[in-house]
Amino acid sequence: MNQYVAEFLGTFFLILLGNGVVANVVLNKTKGQNSGWIVITTGWALAVFVGVVIAGPHSGAHLNPAVSVALAVADKFAWAEVPAYALSQLIGAAAGSLMVWFFYYDHFKSTDDINLRAACFYTQPAILNKGLNFMNELVGTFVLIFTIFYFTGAELENPKTVIGLGSLGAIPVAFLVWAIGLSLGGTTGYAINPVRDLGPRIVFFFINKGKAGVCNWSYSWIPVIGPLFGAVLAALLFILLS
């Protein structure tokens with residue numbers, strides 16, 4: 001295990017469980033079909049918890065290029081490490097989405113609606129308005145990153161002693177992602193993570209043998225660039241206020 005393997009594995013489990021809960025809700029003939037947005041947002045929050053538990057001790061559990069970039073902007077992470085982290089995350093996201101496809105294979109075959117199948121891989125806006133969709137992703141990611149900067153560890157008073165919470169330390173970010181999904185996720189599906197969208201989108205493209213229009217590439221830049229802009233703005237505000 002090293003930091004790159006940790007980022008791969010953490011992102012793999014993040015997408016396996018995150019896109020997995022979407023598949024369970026939207027695909028035909030699953031036990032969880034039509035169970036709704038609360039189930040999806042809760043599943044994604046718990047997926048984040050699992051990914052952070054796995055990767056946290058080895059890489060800091062970025063699992064998201066927006067996190068890596070924001071930490072680098074704030075001088076809390078080396079810029080030289082960002083490309084390797086992002087590549088590990090992208091490969092992990094692609095692999096996780098491919099496993100979702102294998103796991104729910106019969107249910108994908110039973111679902112004729114291409115948009116429902118696509119929803120198990122990448123995000124799509126509820127109402128297409130690229131300017132507002134971009135702002136939605138920017139703001140959602142801003143909330144994610146800015147809050148992460150203010151996470152603190154547990155400590156005892158008199159004298160102050162830092163307490164290691166072990167795996168429980170992953171709970172705050174899970175609640176944060178849950179809150180973002182519940183409050184801000186209804187417009188674009190809250191990618192808030194470039195590889196969470198791009199990796200599975202690429203996999204869906206190849207699963208469908210490159211059929212024209214199947215992956216909505218004209219929209220695909222929004223869940224990639226929007227989160228990066230939001231991350232940088234969050235980091236700059238954090239620096240300004242520090």
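## A guided tour from R201 to A61

Begin by selecting R201, which counts as buried because its relative accessibility is 0%, below the 20% limit. The model on display is a predicted one.

**First stop: helix α9**

Keep R201 selected and add D197. Both residues belong to helix α9, which covers residues 194–207. They stand four residues apart, about one turn of the helix. D197 also has a relative accessibility of 0% and therefore counts as buried. Which residue forms a salt bridge with D197? The partner is R201, and the closest N and O atoms of the pair lie 2.7 Å apart. The count of salt bridges in this model comes to one.

**Second stop: the second largest pocket**

Next, select W101, Y105, F108, K109, R117, F121, F204, I207 and N208, the residues that line the second largest pocket. The space within this pocket is about 180 Å³. Colouring the selection by residue class will show six nonpolar residues, one polar residue and two charged residues. Which helix gives the largest share of the lining? That helix is α5, with three residues. Helices α5 and α9 each supply at least two residues of the lining, and α9 is the helix that holds D197 and R201.

**Third stop: Y105**

From the lining, select Y105 alone. Y105 is located in helix α5, which spans residues 105–109. Is Y105 buried, partly exposed or exposed? With 37% relative accessibility, Y105 counts as partly exposed. Now add Y122 and draw a distance between the two C-alpha atoms. The separation of Y105 and Y122 is 17 Å in space, and they are 17 residues apart in sequence.

**Fourth stop: R117**

Return to the lining of the pocket and select R117. This arginine sits in helix α6, residues 114–119. R117 is buried but has no salt bridge. The nearest side chain of opposite charge belongs to D112, at a distance of 5.4 Å. Because a salt bridge requires the nitrogen and oxygen atoms to be within 4 Å, the pair R117 and D112 is not counted as one. To see the surroundings of R117, display L27, F108, T111, D112, F204 and N208, which R117 touches when residues up to four places away in sequence are left aside. Among these contacts, F108, F204 and N208 also appear in the lining of the second largest pocket.

**Fifth stop: E7**

Move to helix α1, residues 3–26, and select E7. E7 is likewise buried without a salt bridge. Where is the nearest side chain of opposite charge to E7? It is that of R196, 15 Å away. The contacts of E7, apart from residues up to four places away in sequence, are A55, S59, A61, H62, L63, N64, Y85, S88 and Q89.

**Last stops: A61 and Y190**

One of the contacts of E7 is A61, the next residue to select. A61 is placed in the loop between α2 (37–59) and α3 (65–73). Although A61 is not a glycine, its phi is positive, at about 55°. A61 counts as buried because its relative accessibility is 12%.

Finally, select Y190 in the loop between α8 (171–184) and α9. Y190 also has a positive phi, near 40°, in a residue other than glycine. Y190 counts as buried because its relative accessibility is 7%. The tour closes here, in the loop that precedes α9, the helix of D197 and R201.

Methods: Residues numbered from 1 in each chain as written. Predicted model: local features only at pLDDT ≥ 70, side-chain atom pairs only at ≥ 80, totals over all residues. Heavy atoms only, no water. Buried < 20%, exposed > 50% of the residue type's maximum accessible area, 1.4 Å probe, protein only. Lys, Arg positive; Asp, Glu negative; His and termini not counted. Contact = heavy atoms within 4.5 Å. 1 Å grid on protein atoms, 1.4 Å probe; cavity = no way out; pocket = protein on both sides within 12 Å on 5 of 7 lines; lining within 4 Å. Points joined across faces, edges and corners; volume = space filled by probe spheres on them. Nonpolar A, V, L, I, M, F, W, Y, C, P; charged D, E, K, R; others polar.
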